[in-house]
Amino acid sequence: MIVYFNGQFQELNEVKISPFDRGFLYADGVYEVIRTYYGKLFKYADHLERFKASLDAIKINYAETDLLEQNIYKLFELNKYTNPNISFYIQITRGVSFPRKHPFPSADVKPTVFISASTIENDEHAINKGIKAILEEDTRWTRCNIKSVSLLPAVLANQHAVEEGAEEAIMIRDGLLMEGSHTNFWGIKNGEVWTAPLSNLILPGITRTVILEICSYIGIRVNEQAIDKNDINNFDEFFISGTTTEVKPVTQIGADVIGSGVPGEITCRIYDAYLKYVESRNWF
Ligand code: PDD
């Protein structure tokens, strides 16, 4: 597998990263996950804007964001993938500095840039049957709108989900369901969709924005309001969303089966509309 690392395309096993990289020592970096459909990057401008916002938020000065798109496509080409559905992982850290010291290194230290590409396999089973999620106290920091590589609370929450036979952990802060460990979270009650509002407590998902547009287009009302954990039983359907997740029905939360345990009607309508939007190629 060929990856991009600090200006070079090279075999993964040839990449050399210093243990003094601040990404390794402090999780001092940010990332993006972007996917293709039909061989084209989906919503690239939105991902780039969010990536720049994350870099700005943690004060990493990386001047070459305009070159990322061509490097991503080059990586796609070099790996000779025949599958047109690829996800790209892009990470930028503050770079290497020695000795280990908390303050930022001098301005001449260059950020470390890494991009990898992997194929996405469709998870038909989850789409047709829905997935199980668990509820987990949100122990993340209060700047979840930054796509930071410091993901330990999300990793622990997701691992707990896996140990409970579930696929996602929904993070609860002050009694409210904010988002999944790596997805945005949605509920449907009386035909209306609910999802947490944008704030520093959730990631502004690119798929979230697409779904909001789709709901408006197909005439489904949306309340950008977080669901109270005591109100879960009054909801008819739930789903999660994300770049590689797309729209996935949640048919069980903890021990509670949602509705009749199959993907809900409105979730399926939104998913179908999402696929139609992708197929329309209007986002090219
Ligand atoms: N996760 N919320 C969180 C906490 C996320 O980590 C993600 C994405 C999302 C969905 O965002 P988007 O629709 O832009 O993919 C919401 C990525 C894919 C990951 O960490 O792998």
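**Entry 1: the largest pocket**

I began with the walls of the largest pocket and found that β3 (29-37), α2, β5 (86-93), α5 (152-163), β9 (176-180), α6 (206-218) and β14 each supply at least two residues of its lining. A reminder to myself: this is a predicted model. I then asked which element gives the largest share of that lining. It is α5, with four residues.

Next I looked up the volume of the largest pocket, which comes to about 770 Å³. I listed 36 lining residues, and those nearest the centre are Tyr-31, Lys-147, Ser-181, His-182 and Thr-183. Sorted by class, the lining of the largest pocket has 18 polar, 13 nonpolar and five charged residues.

Where does the largest pocket lie with respect to domain 1 and domain 2? Domain 1 (2-119) and domain 2 (124-280) both give residues to the lining, so the pocket lies between them.

**Entry 2: the second largest pocket**

I turned to the second largest pocket, with a volume of about 410 Å³. Its lining is made of 19 residues, and Asn-61, Tyr-62, Val-109, Lys-110 and Pro-111 lie nearest the centre. By class I noted ten nonpolar, four polar and five charged residues in this lining.

**Entry 3: aromatic pairs**

How many aromatic pairs does the structure hold? I found 14. One of them joins Phe-42 and Tyr-277, edge-to-face, with 6.3 Å centre to centre and 70° between the planes. I traced where the two rings sit: Phe-42 is in the loop between β4 (40-41) and α2 (44-57), and Tyr-277 is in helix α7 (residues 265-280). The partners are 235 residues apart, so I wrote this down as a link between distant parts of the chain. Is Phe-42 buried or exposed? Its relative accessible area is 5%, which means that Phe-42 is buried, as the limit is under 20%.

I also looked at Phe-185 and Phe-238, a stacked pair at 5.4 Å centre to centre with 15° between the planes. This pair too links distant parts of the chain, from strand β10 (residues 184-189) with Phe-185 to strand β14 (residues 237-242) with Phe-238, 53 residues apart. I checked burial here as well, and both Phe-185 and Phe-238 are buried.

Going back to Phe-42, I saw that it belongs to one aromatic cluster with Tyr-37, Tyr-274, Tyr-277 and Trp-283.

**Entry 4: charges over rings**

Last, I looked for arginines over aromatic rings. The charged end of Arg-281 sits over the ring of Tyr-38, 3.6 Å from its centre. Arg-94 lies over the face of Phe-104, at 3.5 Å from the ring centre.

Note on methods: Residues numbered from 1 in each chain as written. Predicted model: local features only at pLDDT ≥ 70, side-chain atom pairs only at ≥ 80, totals over all residues. Heavy atoms only, no water. Phe/Tyr/Trp six-rings, centres within 6.5 Å; stacked < 30°, edge-to-face > 60°. Buried < 20%, exposed > 50% of the residue type's maximum accessible area, 1.4 Å probe, protein only. Lys NZ or Arg CZ within 6 Å of the ring centre and 35° of its normal. 1 Å grid on protein atoms, 1.4 Å probe; cavity = no way out; pocket = protein on both sides within 12 Å on 5 of 7 lines; lining within 4 Å. Points joined across faces, edges and corners; volume = space filled by probe spheres on them. Nonpolar A, V, L, I, M, F, W, Y, C, P; charged D, E, K, R; others polar. Domains from an automatic or database assignment.
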